[in-house]
Amino acid sequence: MMSSDKLILELTDSYLKFKSYVYHENFSVGLKKELAMFEIGFNRKIKKLSIELQKTKDGNNSTFIKNLIEKISFSVLPKSFATQEYELSGGSFYSNKNNYTNYEIDDIKKIIPFINCEIELHIIATLWVIKIGVKLDKELHNTCYANRLYDLKKATQKDRLKLFKRYYYNYNNWRDTAIKTARKIHADNNNVAILSLDIQNYYHSIDLNLSKLYVNKNLKWLNQILIDVHSSYIDILSNHNILEKPKKNIIPIGLTSSNILANFYLKRLDQTITQKTRPAFYGRYVDDFIIVYKNPIINDNSKDVVFNFINENLSSKTKNIENAYIQPDGRTSFKIIIDKNEMKFQLKKVKLYYFVSSSNKCNFLL
């Protein structure tokens, strides 16, 4: 088979996997419409893409790929809206009566940007997952539950469209395993603690230099395209003052490749936490953590019980003892340091559940 024919087959496979992923997950109607429109003249578009990628693979410039990257934009969804007058005095009020002609976003930092790009770039990102991302995924421990890949090499004809394992299965497995572990510990007449936390603004807190990833020399051209995609996206967000300074090598929400990279970035933190505290259960779903401890030492009479527990069980006492570690950031938050990059999680969003063995009636609800 000629290399051009092989690339066409690989791009077609990447498209079909991406299409199946979009239609089975909770994606926007707009993207589904774009997929439908892309299939008008599909063979011609895939052949064009293969020709342009072959140019890049051979070390030549592709104006077509460059133009795709230059057309990258973004859309936003709000995390929260500006506080209404009746909320200022405390409490919440809900009604289906619409008293407002428009709603204002509370803060520019309280929006979630998503990448907008042509379907061809989604295909390239999915090809990156199949060629490069699969190797990163295999380095992850089974404590990482989100966005795990099917074994693509063992996929049957029936399963050939599958890419990521269904989110609802792994999400339920993540939470259920934590709860079952805690129940078992308590049923054996032991004290048990469950710690739940998440990283603030995770995708835009990441600082990941893709050029430092180990990539087979035959695939460096593909990795470089993704680097250029990221760079263009970061620049446009910076130009709209959406990113905090200093500028970081963030990853775009909305690309299949970002699912892999978001998991991989915290790989060393997973190792630090499990090796440092050896919890009864440790599980991470992207940037959400659940950790279960057997017979932990907790002073529940202290007003700083949550801070003290995290500081004792997760914090590194010496800076730079590991490349990925946690330390206090004042008394209301903690910072996660990975290669000198800082990310935060706030105590007000942390949940610590403590069940003593002397109490028989426990409802484990997360």
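Accessible area here comes from the Shrake-Rupley method with a 1.4 Å probe. By that reckoning, the chain in your viewer exposes about 20,700 Å², and carbon and sulfur atoms supply 48% of it. Keep in mind as you click around that this is a predicted model.

**The whole chain**

Start with everything selected and a cartoon view on. You should find ten helices and nine strands. The chain has 366 residues, and 45% of them count as buried. Now think about contacts between residues with a separation of 6 or more: 68% of these link residues 24 or more positions apart.

**Stop one: a buried serine**

Select Ser257, which sits in helix α8 (residues 256-265). Buried or exposed? Ser257 has 0% relative accessibility, so it counts as buried. Show what surrounds it: leaving aside residues up to four places away in sequence, Ser257 touches Ala125, Trp128, Val129 and Leu226. Add Leu127 and draw a C-alpha to C-alpha distance to Ser257; it comes to 8.8 Å, although the two are 130 residues apart in sequence.

**Stop two: a cis bond**

Go to the loop between α7 (220-239) and α8, where you'll find Pro246. Zoom in on the peptide bond joining Lys245 and Pro246: this one is cis, with omega about 0°.

**Stop three: two positive phi angles**

Next, pick Arg278, in the loop between α9 (267-277) and β4 (281-285). Arg278 isn't a glycine, yet its phi is positive, at about 45°. Its relative accessibility is 66%, so Arg278 counts as exposed.

Then hop to Val286, in the loop between β4 and β5 (288-294). Here too phi is positive in a residue other than glycine, near 60°. What about its cover? Val286 has 11% relative accessibility and therefore counts as buried, the cut-off being under 20%.

**Stop four: patches on the surface**

Switch on the surface and select Lys135, Lys138, Lys153 and Lys154. Together they gather in a patch of positive charge. One of them, Lys135, belongs to helix α5 (residues 119-138). Lys135 is partly exposed, at 46% relative accessible area.

For the last pick, which residues form a nonpolar patch on the surface? Select Tyr167, Tyr168, Tyr169 and Tyr171, which together have about 450 Å² of accessible area. Tyr169 is in helix α6 (residues 167-187), and with 56% relative accessibility it counts as exposed.

Conventions
Residues are numbered from 1 along each chain as its sequence is written. This is a predicted model: local features need pLDDT of at least 70, side-chain atom pairs count only at pLDDT 80 or more; totals for chains, interfaces and linings use all residues. Side-chain values use heavy atoms; hydrogens and water are left out. Patches are made of residues with over 30% relative accessible area and no salt bridge: like charges are joined within 9 Å, nonpolar side chains (Val, Leu, Ile, Met, Phe, Trp, Tyr) within 5 Å. A salt bridge is a side-chain nitrogen of Lys or Arg within 4 Å of a carboxyl oxygen of Asp or Glu. Helices (H or I, at least four residues) and strands (E, at least two) are DSSP runs, numbered from the N terminus. Buried means under 20% relative accessible area, exposed over 50%, partly exposed in between (1.4 Å probe, protein chains only). Lys and Arg count as positive and Asp and Glu as negative; His and the chain ends are not counted. The place of a charge is taken as NZ of Lys, CZ of Arg, CG of Asp or CD of Glu. Contact means heavy atoms within 4.5 Å.
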